[in-house]
Amino acid sequence: MQIGIIGLGRMGGNIARRLMKAAHHCVVYDVNAQAREALSKDGAVAAASLENMVKALDQKPRAVWVMLPAGAVTDATVTRLGALLERGDIIIDGGNSFYKDDIRRAKTLAGIGIRYVDCGTSGGVWGIDRGYCMMIGGETSAVSHLDPIFSALAPGFGTIARTAGRDTSDTRAERGYIHAGPSGAGHFVKMVHNGIEYGLMQAYAEGFDILRHKDSKDLPESERFSLNMPDIAEVWRRGSVISSWLLDLGAAALAKDPQLTEFTGFVQDSGEGRWTVEAAIEEAVPADVLSTALYARFRSRQDHTFGEKMLSAMRFGFGGHIEGKETIGLKSQPDIQSAPKTTEVSHG
């Protein structure tokens, strides 16, 4: 299948590469010429402008995947595409857009006959190898047309045992992607996913902070323990009820640097945690853990604990997020064994 991809940063570039490995044909565009050239060397057709990209898509209906930061840049790009594409064509927003923006865009584009699909995409820098978990919103005909793309990007059944009772259910969920509902539903599910992620990471961070300070001079000497953080993280990975991929990433960071000296503990939030808390308020649903996890990130920018270093290490591990102001542009998977000291963060 042929698809256009706009935004060749950390995830957009790897999405194109994974699709090409599955024999799909990618026409790619990025304002960064080097990013376009890199994908061209990997087999993509590189376009020098949005107009050229649309012209190069000769299979109809055209499909264009937008992988840009949420907000103004995505809005502007979707608007421009709406003027360039034809009735029946499909725009996919695979970034972390706010679901209410998706509802608005879908309604506007429907007025000119263009279909809009929102795709919450999880997998970070590892998705090229592990596959991407996708939560998709949009009309059924558009999502069905794009199924070869979603199937190629998804992890597949893998080695995870099937859940009992799902024998007659839609297998897409077991393969790593779902059609969550109409426009906005995909990004809404992904938004809550990221809110939960905040809470899980905060629980690990606080737990390791408690472990780390068990040798405090404020405790009676007989109650002080000097605990091995890398070993604790490692043993919890193996058979424990709190094992997870996030813990795997934390264990890898601790194995390299038990004191996490390469991280300051400055923890950014990329928006979805805030939106999840706002949704909880709108629905009058208590969300104590998720709210507290969000506020902990705010506080981390004022003073830093070992737990916040652990948060930062896990966040770098799954998404390549580097401490400081978030920008787009990390083009390759970072080496979790050598996290750089820097003040930039790439868009997640």
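Is Phe150 buried or exposed? In this predicted model, Phe150 counts as buried, because its relative accessibility is 1%.

**Close-up 1. An aromatic pair formed by Phe150 and Tyr177.** The count of aromatic pairs in the structure comes to eight. In the one shown here, Phe150 and Tyr177 are tilted with respect to each other, with 6.3 Å from centre to centre and 40 degrees between the planes. The pair links distant parts of the chain, since Phe150 belongs to helix α8 (residues 147-153) while Tyr177 belongs to strand β8 (residues 177-181), and the two residues are 27 residues apart. Tyr177, like its partner, counts as buried, with a relative accessibility of 2%.

**Close-up 2. An aromatic cluster of Phe98, Tyr99, Phe188 and Trp275.** These residues, Phe98, Tyr99, Phe188 and Trp275, together form one aromatic cluster.

**Close-up 3. Arginines over the rings of Trp245 and Tyr198.** Arg130 lies over the face of Trp245, at a distance of 4.1 Å from the ring centre. At the ring of Tyr198, it is Arg297 whose charged end sits over the ring, 3.7 Å from the centre.

**Close-up 4. Cys26 and Cys119, two cysteines in no disulfide.** The structure holds zero disulfides. For Cys26, the nearest cysteine sulfur is that of Cys119, which is 14 Å away, whereas a disulfide would need the two sulfur atoms to lie within 2.5 Å. Cys26 is buried, with a relative accessible area of 4%. Cys119 is likewise in no disulfide, and the cysteine sulfur nearest to it belongs to Cys133, 9.2 Å away. Cys119 is buried as well, its relative accessible area being 0%.

Key
Residues are numbered from 1 along each chain as its sequence is written. This is a predicted model: local features need pLDDT of at least 70, side-chain atom pairs count only at pLDDT 80 or more; totals for chains, interfaces and linings use all residues. Side-chain values use heavy atoms; hydrogens and water are left out. Rings of Phe, Tyr and Trp (its six-membered ring) pair if their centres lie within 6.5 Å; planes under 30 degrees apart count as stacked, over 60 as edge-to-face and the rest as tilted. Helices (H or I, at least four residues) and strands (E, at least two) are DSSP runs, numbered from the N terminus. Buried means under 20% relative accessible area, exposed over 50%, partly exposed in between (1.4 Å probe, protein chains only). A charge sits over a ring if NZ of Lys or CZ of Arg is within 6 Å of the ring centre and within 35 degrees of the ring normal.
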